[in-house]
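Hi everyone, thanks for making time. I'd like to walk you through a structure that is new to most of us, so have a look at it while I talk.

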Amino acid sequence: MASRSVTTAARSLCAAVLLALALISGCSTAAGTAPPAPAATESADVGVVDEGATGVPDAVALSPPVRIDVPAISVSSDLMGLGLQQDGTMEVPPGAFPAGWYTGSPIPGAMGPSVIAGHVAWDGAPGVFSRLGDLVPDDDVIVTLQDGTTSRFRVMEVDQYPKAEFPTNTVYGDIDHPGLRLITCGGRFDSDAASYDDNIVVYADLIS
């Protein structure tokens, strides 16, 4: 698949707003509703991103990703688009299924880190990425685009981070090849905060 470059400046903007996604994506609350947006101090660090400043060429919208398959953990899910809310924070999937692709990131298979997020649990039931932390290096991730083409990725690394120590640049910074980041929540569920303590991030590289 032909690679598309994304400017460093635009990617920096994406990296900033995606910290909000890292802090809240893939989580469920006891009430089964989307977790709250980051606190004011966190929001100040994240900032607000202009929806038109994603740096992703308009042409990629012609063939967005529509499905993700992760055979090792029995995931076969449609993909919805995740954009920005009016306050500039990231949208999250509205339920346990499906997973969502952040539309401000490269399409899977294009140059740079494409981002797909999903819930680990929702209203007491397993979410689409409930077993994301079980992946190991060399597992496959297959993403199907709207035009029928597929991009196959190989898992390179699986990490778990406390949300307060989320490595934004490592996860969302520029890379010199097509990559994929799968994100959900993990660790202990804090019922008082209605949030998980950690994030699980899967790093994968395009192989075909």
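**A walk around the barrel**

Gln160 is a good place to start: this residue stands opposite Ile200 in strand β10. One caveat before I go on: what you see is a predicted model.

Okay, the overall layout. The protein chain has 3 helices and 10 strands. Going from the N terminus, the elements read α-α-β-β-β-β-β-β-β-β-α-β-β. The chain counts 208 residues, and 51% of them are buried. If you take contacts between residues at least 6 apart in sequence, 66% of those join residues at least 24 apart. On the outside, the chain exposes about 8900 Å², with carbon and sulfur atoms supplying 52% of that.

So what do the strands build? 8 of them close into a barrel, in the order β1-β2-β3-β4-β9-β10-β8-β7, with mixed pairing. Neighbouring strands in this sheet are turned by 35 degrees against each other on average, ignoring direction.

Let's go back to β10, residues 195-206. Is this strand mostly buried or exposed? Well, 9 of its 12 residues are buried, so β10 is largely enclosed by the rest of the structure. On one side of the pairing list we have β8, residues 150-162, which runs antiparallel to β10 and is joined to it by 9 bridges. Then there is β9, residues 178-190, also antiparallel to β10, with 10 bridges between them. Within that pairing, Gly179 stands opposite Asp205. β9 and β10 form a hairpin with 4 residues between the strands, and there Ala194 takes a positive phi near 55 degrees.

Elsewhere in the barrel, β3 (residues 99-102) and β4 (residues 112-117) pair in the antiparallel sense over 2 bridges. Trp101 is the residue that stands opposite Ile116 in β4.

Now for some backbone oddities. As a reminder, most residues other than glycine have a negative phi, and most peptide bonds are trans. Which residues go the other way here? Ser74 does, with a positive phi of about 55 degrees. Ser74 is in the loop between β1 (65-70) and β2, and this serine is exposed at 64% relative accessible area. Asp138 also has a positive phi, about 85 degrees, without being a glycine. You'll find Asp138 in the loop between β6 (125-126) and β7 (140-145), and at 56% relative accessibility this residue counts as exposed too. For the peptide bonds, look from Phe97 to Pro98: that bond is cis, with omega near -5 degrees. Pro98 sits in the loop between β2 (75-82) and β3.

Last topic, the aromatics. How many aromatic pairs does the structure hold? There are 3. Take Tyr161 and Phe166: their ring centres are 5.9 Å apart and their planes are at 70 degrees, so the pair is edge-to-face. Both residues are buried, Tyr161 at 15% relative accessibility and Phe166 at 8%. Another pair is Phe189 with Tyr196, also edge-to-face, at 4.9 Å centre to centre and 65 degrees between the planes. Here Phe189 is partly exposed at 28%, while Tyr196 is buried at 15%. Finally, ring pairs link Tyr161, Phe166 and Tyr172 into a cluster.

If you keep one picture in mind, make it this one: 8 strands closing into a barrel, with β10 largely enclosed by the rest of the structure. Thanks, that's it from me.

Definitions and conventions. Residues numbered from 1 in each chain as written. Predicted model: local features only at pLDDT ≥ 70, side-chain atom pairs only at ≥ 80, totals over all residues. Heavy atoms only, no water. Buried < 20%, exposed > 50% of the residue type's maximum accessible area, 1.4 Å probe, protein only. Pairing = 2+ DSSP bridges. Axes fitted to C-alpha atoms, helices over the stretch in contact; angles between N-to-C directions. Contact = heavy atoms within 4.5 Å. Areas by Shrake-Rupley, 256 points an atom, 1.4 Å probe, with all protein chains shown as cover. Phe/Tyr/Trp six-rings, centres within 6.5 Å; stacked < 30°, edge-to-face > 60°.
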